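Visitor: Hi! Could you walk me through this structure in plain words?
Guide: Happy to, let's have it on screen.

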Amino acid sequence: MSGLLLDPWFYAAAIPAVILVGLSKGGFGGAVGFVGVPLMALAMPPVQAAAILLPILCLMDIVSVWTWWGVYDRKMLADMMPGAVIGIGLGWLTAALVTAEMVRLIVGAVAIIFVLRWVYLQIRHGASHSAEPNRAAAAFWGTVAGFTSFVAHVGGPPFQVYALPIRLDPKVLSGTAAIFFAATNALKLIPYFALGQFDATNLTASAVLVPLAPLSTIAGAWLVRRMRPELFYPFTYATVAVVAVKLLWDGIAGLL
């Protein structure tokens, strides 16, 4: 057994991370899910955390697509997916240039920006105005989502920057996000394998955590139909903010 699997901090970080990601995959639209890599990165290098999570994400995607089967926005997917493919390619091409410290900074910065954006929307009290679909904006944010998803599985915030203002029905948004990230994560398997991230240690760690994947995803779908978001999101965003500050601190300290 590898040293990672004997480390209690691995389980302390990975178990809640997988559960939160599963809840997000079940229908919480990415607001919870992108805490996965930042949380696991408190106990291991961010790149390793991303590699361990990817097979688990793919299994969650299968459950999520099945859960929201037939409920999605075809136009949004058609406009965003080409950009996502480009973003994944850019992430692959720059993988050798991105250090662990840079990944921590990227993930921490994305997390902070997303939390601040949520606070801003709360202050505005949710304006009723809805944006019109825009193919150029969809391609841009699809590219950003593909890149950040490749780097550390944080494609949710860029996806939501474009998708949320359009104000789709929540079920349609959940189904659209499920298909978008199922396709994105499936595409990421090829470059992750080529980069040597699926070694015995990482795959074994993934296998240990796999049983949590379908259970937490189904639980997320159950909760999204019954739980009031205003009770769940504040706690989650507060958790993300704390983790983001820690990652930013570690990233800056590492670069200096």
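Guide: We'll go from the overall fold to the cores, the salt bridges and a few single residues.

Visitor: Before that, what kind of model is this, and how is it numbered?
Guide: This is a predicted model, where local features need pLDDT of at least 70 and side-chain atom pairs count only at pLDDT 80 or more, while totals for chains, interfaces and linings use all residues. Residues are numbered from 1 along each chain as its sequence is written, and side-chain values use heavy atoms, with hydrogens and water left out.

Visitor: Cool. How many helices and strands are there in the protein chain?
Guide: The protein chain has 11 helices and 0 strands. Helices (H or I, at least four residues) and strands (E, at least two) are DSSP runs, numbered from the N terminus. Along the sequence the pattern reads α-α-α-α-α-α-α-α-α-α-α.

Visitor: And what share of the residues is buried?
Guide: Of the 256 residues in the protein chain, 48% are buried. Buried means under 20% relative accessible area, exposed means over 50%, and partly exposed is in between (1.4 Å probe, protein chains only). The accessible surface of the chain comes to about 12,000 Å², and 73% of that belongs to carbon and sulfur atoms. Accessible areas come from the Shrake-Rupley method with a 1.4 Å probe; for residues, only the protein chains shown count as cover.

Visitor: Does UniProt have anything? Which residues does its "transmembrane region" annotation cover?
Guide: According to the unreviewed UniProt entry, "transmembrane region" covers residues 12-37, 49-69, 81-98, 105-123, 135-152, 172-193, 205-224 and 231-249. UniProt positions are given in the numbering used here, feature names are shortened, and annotations may be inferred rather than shown by experiment. In the model, residues 105-123 are 100% helix and 0% strand, with end C-alpha atoms 27 Å apart. Residues 135-152 are likewise 100% helix and 0% strand, and their end C-alpha atoms lie 25 Å apart.

Visitor: New topic: which residues have the most contacts inside the largest nonpolar core?
Guide: Those are F10, M40 and I52, in a core of 48 residues. A nonpolar core is a set of buried Ala, Val, Leu, Ile, Met, Phe, Trp, Tyr and Cys residues joined through side-chain atoms within 4.5 Å. Elements giving two or more residues to this core include α1 (8-28), α3 (46-67) and α11 (229-255). The largest share, 10 residues, comes from α3. There is also a second, separate core of 15 residues, which includes L77, M81, L173 and F181.

Visitor: What does I52 touch?
Guide: Leaving out residues up to four places away in sequence, I52 touches L4, F10, M40, M44, N202, A205, S206 and L209. Contact means heavy atoms within 4.5 Å. Across the protein chain, among contacts between residues at least 6 apart in sequence, 86% join residues at least 24 apart.

Visitor: Now charges. How many salt bridges does a search of the whole structure find?
Guide: The search finds 2 salt bridges. A salt bridge is a side-chain nitrogen of Lys or Arg within 4 Å of a carboxyl oxygen of Asp or Glu. K75 pairs with D79, their closest N and O atoms being 3.1 Å apart. D79 also pairs with R135, at 3.3 Å between the closest N and O atoms. That second pair links distant parts of the chain, with D79 in helix α4 and R135 in helix α6, 56 residues apart. K75, D79 and R135 are thus linked in a network of salt bridges.

Visitor: Is D79 buried or exposed, and what about its partners?
Guide: D79 counts as buried because its relative accessible area is 7%. K75 is partly exposed at 42%, and R135 is exposed at 59%. K75 and D79 are 4 residues apart in helix α4, so they are separated by about one helical turn.

Visitor: Last one: where is S64, and what does it touch?
Guide: S64 lies in helix α3 and is buried, with a relative accessible area of 1%. S64 touches K25, A178 and T217, not counting residues up to four places away in sequence.
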